[in-house]
Amino acid sequence: MATAKHTNHCVSRIDGTVDPLRLHRFDPARYPHLLQSATPGPQARYDILFAFPGHSLILGADGCLTGGEGHTQQFLAELDRQWSAEAIDWSHQAAELPFRGGWFLYLGYELSGQIEQRLRLPKSHSAAPIASATRFHCALIVDHAEDCLWLIAETGHEQRIDAMQRDLDMVLAATEPDFVEPLFQPPAVTEDPPEHYLAMVRRTLEYIRDGDVFQANLARTWRAEFASAIAPDLLYHRLRTRNPGP
């Protein structure tokens, strides 16, 4: 393992790669988020596994903001304030990696109501947050072009690199399979009626004709219900291995 220290972060390179989903399954709380393309190619050079989550800012489904240090309920304004308070100048860093510390964001469609307050959006029936941002000082990056791993930690969090290395060693030394698939029963699949979709198309054409819109993204909802609960990471693994891309 080769380690280099830069002004604001520490980087270690390890030859060879590992499926980052294995580390997520090993400790989901420590490695909660994975950015990965299942289709190989130059645009899918890197996988990013975010490690050791820090502070979180969450706009709940009820519109209440938690994790804020100011007095606003505006998610983006509070995120900008927190980001600005610790913004790092990366312009003089040598490493050309896609992540060297920062925030992992989820921004739901309903957040547009805080940007354009004249919008009258339908209330979401999901318990998922409208938006969330979590600060990450560390990450594991898979570099498919160089066939190596990069362990990243901002200055002040260098000890996390050793912790990630120990986790890697434990995952690679495991003799039990990471993915023990249960029997997948064929799901019950339902779809929106074709008439509903065609009606949306006709209405959109009227909007375009009247000059109200120039583009619309229409979708026809499909739902699949399994007889028993399936862990999201296991479902993703199955979809990824069944559809490995061209």
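Three exercises on a predicted model follow, each with a worked solution.

Residues are numbered from 1 along each chain as its sequence is written. In this predicted model, local features need pLDDT of at least 70 and side-chain atom pairs count only at pLDDT 80 or more, while totals for chains, interfaces and linings use all residues; side-chain values use heavy atoms, with hydrogens and water left out.

**Exercise 1. The largest nonpolar core**

Task: State which residues of the largest nonpolar core touch the most other members, and which elements each supply at least two of its residues.

Solution:
1. A nonpolar core is a set of buried Ala, Val, Leu, Ile, Met, Phe, Trp, Tyr and Cys residues joined through side-chain atoms within 4.5 Å. Buried means under 20% relative accessible area, exposed over 50%, and partly exposed in between (1.4 Å probe, protein chains only).
2. The largest such core has 19 residues, and those touching the most other members are L23, L140, L149, L151, M164 and L168.
3. At least two core residues each come from β2 (9–15), β4 (46–59), β7 (131–143), β8 (148–154) and α4 (159–173). Helices (H or I, at least four residues) and strands (E, at least two) are DSSP runs, numbered from the N terminus.
4. With 5 residues, α4 gives the most to this core.
5. Apart from this core lies another, of 12 residues, including V11, F50, L97 and F99.

**Exercise 2. Helix α4**

Task: Check the span of α4 against its expected value, then list its buried residues and what covers them.

Solution:
1. The expected span of a helix is 1.5 Å times one less than its number of residues.
2. For the 15 residues of α4 this gives 21 Å, and the end C-alpha atoms are 22 Å apart, which agrees.
3. Buried in α4 are I161, A163, M164, Q165, D167, L168 and V171.
4. Their cover includes β2, α1 (20–26), β4, β7 and β8.
5. Beyond neighbours within four places in sequence, M164 is in contact (heavy atoms within 4.5 Å) with Y31, A51, F52, C138, A139, L140, L151 and I152.

**Exercise 3. Salt bridges**

Task: Give the number of salt bridges, and describe the pair D233 and R25.

Solution:
1. A salt bridge is a side-chain nitrogen of Lys or Arg within 4 Å of a carboxyl oxygen of Asp or Glu. The count by this rule is 14.
2. D233 and R25 form one, at 3.0 Å from N to O.
3. D233 lies in helix α6 (residues 232–242) and R25 in helix α1, so the pair ties together parts 208 residues apart in sequence.
4. D233 counts as buried at 15% relative accessibility, whereas R25, at 29%, counts as partly exposed.
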